[in-house]
Amino acid sequence: PDGRPRPDVLTLDEVLAADPAAHRVLTGDRPTGPLHVGHLFGTLATRVALQRHGVETIVVVADYQVIADREDAGDLPGTIREVVLDYLAAGLDPGATTIFTHSAVPAVHQLMLPFLSLVSVAELDRNPTVKAEQAASGRALSGLLLTYPVHQAADVLSVHGTLVPCGRDQLPHLELTRTIARRFNRRYGPVFEEPGALLSDAPLVLGTDGTKMGKSRGNAIELRADADATAAALRGARTDAERVITYEPERRPEVANLLLLGALAAGRTPQDLADEIGDGGAAALKRYVTDAMVAHLAPLRARRTELARDPDVVTDVLARGAARAGELADATLRTVRAAMRQTA
Ligand code: ATP
Ligand code: MG
């Protein structure tokens, strides 16, 4: 770490305009279900763009976090496979990008212990994303969910990540990661850089019910779905009672979200799309978004079907990823223990 403060939230253009190769990206997803278009436009497309520009990219499949807000992890190996197939279909190249599961890299979790000592329960209690996830789960707040942001700090800092492409819900977690890095450095000497968040043009995609699209919420348009399922999901999407389509994200969030999805899928702007549809109303908007989305996802879906035929592709990718991430995290743990004088 050179001690220079970095901005805490960046755009892809800003990263590419500066010195992209100076970054190491760490990001990830929980294997709670197959990925959806919120992931694609929120973070996956950005990861692929960074990979294309030669930025070292590391992606964690956070399998130890699945039971943070539920009792039953379901078919974890099966879900991990779905998520990794989504990555590969979206364009993550396992030759260039490291993909690993939490459970394969123990050093990450050992790092969490000293990090926990650097935060207060009051700070953890204030995290708005944790509160929202707890509320959505309908369950009591588990200790694992409460400390989830610290675990995420361990993910990022274990590989010395400097950039985290993520959705808007992750910003409080990123802030805590920066706090942990800063406090660790102050207490034990300079070891960590404070990573920045990378937000896309779609940092909060809404689902068909008008709340954040989430794998666990039954409101998602899944990447792996077919054209019929995509059309059915969009037909049922919440809109409002106004006849004419306008782009007003604050006042009409559901309509603005459909306009954004249509625009991203078709490579145009939401405003332009709203002007075109106008008094065609919600039905015309949904038809447009469905056609654009089905066309946009067709190559990804075809690649996914092809990849899914290979029974070994996912295990091979994860084995290579675990080796690379394990090396980085083991080295970080050694550095941390030396800084804390915990070595013999
Ligand atoms: P779950 O409902 O199980 O929590 P999720 O859909 O929220 O699943 P996560 O694995 O929690 O997915 O999040 C992975 C990454 O995807 C994070 O960076 C998150 O910010 C981003 N992300 C998730 N949902 C959206 C969304 N609706 N819009 C934009 N980004 C999103
Ligand atoms: Mg989530």
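# Notebook: a look through a predicted model

**Entry 1, the helix α14.** I started with helix α14, residues 313–339, which has 27 residues and reaches 39 Å from its first C-alpha to its last, close to the 39 Å expected at 1.5 Å a residue. I should say early on that I am working with a predicted model. Next I wanted to know which residues of α14 are buried. My list reads V314, V317, L318, G321, A325, L328, A329, T332 and V336. Then I looked up what these buried residues pack against. The partners I found are the strands β3 (56–61) and β4 (97–101), along with the helices α3 (76–90), α4 (106–116) and α8 (148–158).

**Entry 2, just past the helix.** I followed the chain onward and came to R341, placed in the segment after α14. I noted a phi near 60 degrees there, a positive value in a residue other than glycine. Is R341 buried or exposed? I count R341 as exposed, because it has 7 C-beta neighbours inside 10 Å, and the cut-off for exposed is 12 or fewer.

**Entry 3, another positive phi.** H160 also caught my eye, with a positive phi of about 55 degrees although H160 is not a glycine. I located H160 in the loop between α8 and β5 (163–165). For H160 I found 20 other C-beta atoms within 10 Å, so I wrote it down as buried. The cut-off for buried is 20 or more.

**Entry 4, strand β2.** I turned to strand β2, residues 24–29, and asked how many of its six residues are buried. Five of the six are, so I can call β2 largely enclosed by the rest of the structure. I then checked its pairing with β3: the two strands run parallel, and six bridges join them. One pair I wrote down is L26, which stands opposite I58 in β3. A reminder to myself: in a regular strand the side chains alternate between the two faces of the sheet.

**Entry 5, the two domains.** I looked up how the chain is divided, and found domain 1 (9–204 + 311–339) and domain 2 (225–308). Their C-alpha centres lie 29 Å apart. Where the domains meet, I have eight residues of domain 1 in contact with eight residues of domain 2. Which elements give two or more residues to the domain 1 side? They are α2 and α3, and α3 gives the most, with four residues. By class, I noted eight nonpolar residues on this side of domain 1, with no polar and no charged ones.

**Entry 6, around ligand 1.** I went on to the 21 residues around ligand 1, and asked which come nearest. The answer is G38, G42, C166, G167 and G214. Helix α2, residues 37–52, gives the most to this shell, with four residues. Sorting the shell by class, I got six nonpolar, nine polar and six charged residues.

**Entry 7, one residue in α1.** Last, I picked out A17, which lies in helix α1, residues 12–17. I found 9 C-beta neighbours inside 10 Å, and therefore A17 counts as exposed. I also looked up its distance to A153: the two are 136 residues apart along the chain, and their C-alpha atoms are separated by 26 Å.

Terms used: Residues numbered from 1 in each chain as written. Chains lettered and ligands numbered in written order. Predicted model: local features only at pLDDT ≥ 70, side-chain atom pairs only at ≥ 80, totals over all residues. Expected span 1.5 Å × (residues − 1). Contact = placed C-beta atoms within 7 Å. Near = placed C-beta within 6 Å. Nonpolar A, V, L, I, M, F, W, Y, C, P; charged D, E, K, R; others polar. Domains from an automatic or database assignment. Pairing = 2+ DSSP bridges.
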